[in-house]
Amino acid sequence: MAECYCQAVLKAIRHDGNYIGDDWRYTISVGGEKKEIEGNGKSQDLTPPLTWRVKAGGCGENTVVSIHATAMEEDFFFNDEGSAIKHVKQVAPAAGADPVEVNNIALRARVTEGIGPFSGGTNFVDFLFDLEYSCD
């Protein structure tokens, strides 16, 4: 049986909310494959984007690809962290069929400052993905 693959492309990270720091680390896992990047607390388009290519199941079958994202603002004593997970369900294309695109999948992590002068400040971090399913 032919395998379906999902190519996930992280194209942007967006910050919205109160300022809670500028020393950020993001950990993103697609289908169990983990990558880390750093940021400064400002929205950014990723050029080049981060990409994953993971097995999604059999061609023509229902698939689920799990995306997990964690945003952490590093502080001197206690880091501020939030995460989000999404299970994207999609019917894989049949063998020989054109790829299936699913655009603008968003995950939102809520990060709240726990201690210090910005205590209670909240920053929402959105991770924006495009997915493409294809059969090999």
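Okay, quick definition before we start: two strands count as paired if DSSP finds at least two bridges between them. Keep that in mind, and remember that what you're looking at is a predicted model.

Let's take the sheet with strands in the order 4-1-8-7. Four strands make up this open sheet, with antiparallel pairing. Where are the edges? Strand 4, residues 44-58, and strand 7, residues 100-112, are the edge strands, and each pairs on one side only. On average, neighbouring strands here are turned by 25° against each other, direction ignored.

Now look at strand 1, residues 3-17, which runs antiparallel to strand 4, with 10 bridges joining them. If you want one spot to find on screen, go to Cys 6: opposite this residue, in strand 4, stands Val 54.

A quick reminder on what holds such pairs: strands of a sheet pair through backbone hydrogen bonds, either parallel or antiparallel.

On to the other sheet. This one is open too, with four strands in the order 3-2-5-6 and antiparallel pairing. At the edges sit strand 3, which is 33-39, and strand 6, which is 80-91, and each of those pairs on one side only. Neighbouring strands in this sheet are turned by 15° against each other on average, again ignoring direction.

So how many bridges link strand 2 and strand 3? Seven, and the two strands pair in the antiparallel sense, with strand 2 covering residues 24-30. And which residue in strand 3 is the bridge partner of Thr 27? That's Glu 36.

Definitions and conventions:
Residues are numbered from 1 along each chain as its sequence is written. This is a predicted model: local features need pLDDT of at least 70, side-chain atom pairs count only at pLDDT 80 or more; totals for chains, interfaces and linings use all residues. Side-chain values use heavy atoms; hydrogens and water are left out. Axes are lines fitted to C-alpha atoms, for helices over the stretch in contact, and angles run from 0 to 180 degrees between N-to-C directions.
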